[in-house]
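Hi,

Here is the model I said I would pass on. Have a look at it first, and my notes follow below.

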Amino acid sequence: MVPRKVRLTLTYIILIFWSFMVLLPIYWLFTTSFKTRGAVIGGTKYLPWAQFKPTIQPWINIIEEETLVLSLTNTAVIASISAFLALLFGTMAAYGLSRYKFHFGFFQNRDIMIWIISQRMMPPIVTAIALFIMLKWFNLLDTRIGLIMVYVAFNLPIAVWLMENFFSQIPETLEEAARIDGASRLQIFGRIVLPLAMPGLVATFFLCFVFGWNQFLFALTLTWRNARTLPVLIAAQHAQAGPQWWRISAMTVVTIVPPIIISTYVREHLVKGVVTTNK
Amino acid sequence: MAPAVIVLLIFTVFPFLFTIFLSFSNVSLVGGLSINFEGIQNWVRLLHDGRFWNSISNIALFVSLGVVLEYILGLSLAMLLRQKIPGREFFRILFLMPISITPLAVGYMFRMLYHPSRGVFNNILSSIGLPTINFLGDPDLAMFFVIATDVWHWTPLIFLLLTAGLQGIPESYLEAAQIDGANSWQRFRYIIFPQLIPTSIAAILLRSIEASKFMDKLYILTGGGPGISTETPTLFAYLSGLNNFDLAYGATIAMAFFVLVLVFFILTFLVITWFGLTKLGRA
C-alpha cells in the first residue's frame, strides 16, 4: 500500500500540473492583450513589467473601432433574444409533454421527445447550406432576425429536454390541489408551476444564451458584416496577413468573459435547482 | 407544443429535406439563384473524391483518439478529486473553466501557443534543450496537436459528468469493500468502475456526437491544412459549399457525412444494447 503522504503529494502534483495547463492559454491570452507590437514580435515574453511593459493601447484601439462594438451588440442581442424565444417555446412544449398525453398514430410523448432531441444530434452543416438559401429567398441573410430564428431552432431541443426534466420533478399533486380549489389551467401554470420551475428557467435561459454566444458555423455562414457576431469577427481578423495578435487577443477576451461568468453562475443555480426539487 | 414543432419543422426538418434535394441538383448563383434537378451526378463525384474520404478518416481519428484521451484524463481527475482534500472546490471550479470558453477563442489561444518561433511551447522546449516542433505546420503531426486542443477544451465536460456519477455511488458499498480488505485499486476496479459504466457510456456518446461536428477550432488553428491533412467533413462541406459556392456539392458532402455518422451511431447503440449496457436514460 502506498503511504498516505506519498499519495497526497502525488495527487497535488498532478492537480497543480493540470491547473497550470488550464490556466496557461488563458493567461497567455490576457497578457498578450496588454502587449505592444514589439513585445509580441520580439520573442516569448511571460511576465509583465519584468519582461515587457504592459500597455492598454490594444484595448483603446478595439474600443474605438466600430466593428467590435457592432459585433458585441449583435452577439448580445442575438444570443439573448434567441435564448428567450427558445425558452418560451421550449417551456410550452415541455409542459405539454410532461402533463398531457399526445397520440399521432403510434407516435406518442416519448417518441416526440426523442424526435426533438435527435434534432440536436444532427451536425449543423447538414442544414447550414439549405438555411443559407432559405434566408436568401427571404432577404434575411446578414440580418439579426435571420440568425435569431436559426438559433432558436438550434437551442430548442436542449430547452425542451431540460425543461421537461424540471417539470417532471414538480409533484402533480400540487396542481391537482389547486384545481380542486377552483384554479384555472392558466392560473395553475402561472402561480404554481412557473415559480417552482424558476431555477430551471433561469439555468436553461443562460445555457441557451451561452450556446448562442459561442455558436460559430451558422454565424459564419449567415452573417458577414451587419449582423456579424464576435466569433466571426475574430476569425476574420485572424485571416488577415500578419495578424495583430495584441488586438485580436483583446477582442477574444471580450468574447470569452461573459460566457465564463454566466456559466459559473448557472452551475450554482442548476445545483440549487436540483437540490431544492429533490428534497 | 405547436410553436416548438413549427420552428423545428421550418428550420430543421425542411432544411434537412431541402439538403437532400440539393444534393441531387445543380445550383447556380450566377445571375440569381437557380436550382435544377440533375440526378445522381454529385453523389458519383463524391464517391470518387479522395478529399471526402480523407476528411472521413481525419474525423474518425479525431473523435476516437480525442474522446479516449478526454475520458482517461477526465476519469483520473474526477477520481483524484473524489478524495476529501483541502482545495477540492477550488480545483473543481478551475478545471471546469474551459467548457464555457468560445470554441473559436480556444482555437485562437492555441494558435498563439503553438506558434513555431514566438509560441510558448517551443520556447519551453528549446529552453530545456529539446528540438522545437512545427506543431501545426507538419502534415503528419498537425492532427495530433489539433486533438490536444480539443482534449484541453472538453476533458472538463467528462470530468463534470463523471464527478456527478461518482457522487451517486453509495458510500456504504465502499465501506463494505474496505471492511472485506479490498485495497484502493480493487475498490476502483470492482466497485467504482462498474457503477460508473452507465455514466461513462452517456458521457462518451455525448462527446463523440459533439466531436463529430468539429470545425470551429479547426477553422482558426489550421484551416484544414497543411494541405488537407486536418480537414474534417464539416469544414470540407463548408469550404466547398459556402466558400467556393458549389452549394449542391457542399450539400452532398454534408448529407453523405450525416448518413455515415447516423449508421455509425446506430451500430454503436445496437452494440451497447447487445451487451446489456442500457439504462442510459436514467444514468
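How many helices and strands does chain B have? Twelve helices and two strands. Bear in mind throughout that this is a predicted model.

Chain B first, then. Going from the N terminus, its elements run α-β-β-α-α-α-α-α-α-α-α-α-α-α. Its C-alpha atoms fill a box of roughly 80 × 55 × 35 Å along the principal axes. Chain B has 283 residues, and 38% of them count as buried. If you take the contacts in chain B between residues at least 6 apart in sequence, 67% of them join residues at least 24 apart.

Now for where the chains meet. The contact takes 61 residues from chain A and 59 residues from chain B. On the chain B side, α1(B) gives the most, with eleven residues. By class, that side of chain B has 45 nonpolar residues, eleven polar and three charged.

One helix pair across the two chains is worth opening up. Helix α7 of chain A (residues 144–169) and helix α1 of chain B (residues 2–23) have axes that come within 9 Å and cross at roughly 130°. At that angle α7(A) is oblique to α1(B), and the crossing is left-handed. From α7(A), the contact uses Met149(A), Val150(A), Val152(A), Ala153(A), Leu156(A) and Val160(A). From α1(B), Ala4(B), Val7(B), Leu8(B), Phe11(B) and Thr12(B) take part. Sorted by class, the residues of this contact are ten nonpolar, one polar and no charged.

For a pair inside one chain, try α7(B) and α9(B). These helices cover residues 142–167 and 184–212 of chain B, and their axes come within 9 Å and cross at roughly 155°. Angles over 145 degrees count as roughly antiparallel, so α7(B) and α9(B) are roughly antiparallel to each other. Their crossing is right-handed. On α7(B) you will find Asp150(B), Trp154(B), Leu157(B), Ile158(B), Leu161(B), Leu162(B), Gly165(B) and Leu166(B), which meet Leu196(B), Thr199(B), Ala203(B), Arg207(B) and Ala211(B) on α9(B). That contact divides into nine nonpolar, two polar and two charged residues.

Next, the core. The largest nonpolar core has 139 residues. The members that touch the most others are Ala86(A), Leu147(A), Val150(A), Leu156(A), Leu222(A), Ile234(A) and Ala254(B). Helix α7(A) gives the most to this core, with 15 residues. Val150(A) and Leu156(A) come up in both places, since they are also named in the α7(A) contact with α1(B). Ala254(B) has partners in both chains: leaving out residues up to four places away in sequence, it touches Ile125(A), Val126(A), Ile129(A), Thr19(B) and Ala237(B).

Last, a loop residue in chain A. Gln215(A) lies in the loop between α10 (198–214) and α11 (217–222). Is Gln215(A) buried or exposed? Gln215(A) is buried, because 27 other C-beta atoms lie within 10 Å, where 20 or more is enough to count. Setting aside neighbours within four places in sequence, Gln215(A) is in contact with Tyr151(A) and Phe154(A). Phe154(A) is 61 residues away along the chain, and the C-alpha atoms of the two are separated by 9.6 Å.

That's what I have so far. Shout if anything is unclear.

Cheers

Notes: Residues numbered from 1 in each chain as written. Chains lettered and ligands numbered in written order. Predicted model: local features only at pLDDT ≥ 70, side-chain atom pairs only at ≥ 80, totals over all residues. Axes fitted to C-alpha atoms, helices over the stretch in contact; angles between N-to-C directions. Helix = DSSP H or I, 4+ residues; strand = E, 2+ residues; numbered from the N terminus. Parallel < 35°, antiparallel > 145°, perpendicular 65-115°, else oblique. Left-handed = near helix turned anticlockwise from the far one by under 90°. Contact = placed C-beta atoms within 7 Å. Nonpolar A, V, L, I, M, F, W, Y, C, P; charged D, E, K, R; others polar. Core = buried A, V, L, I, M, F, W, Y, C linked by C-beta atoms within 7 Å. Buried ≥ 20, exposed ≤ 12 C-beta atoms within 10 Å, placed from the backbone.
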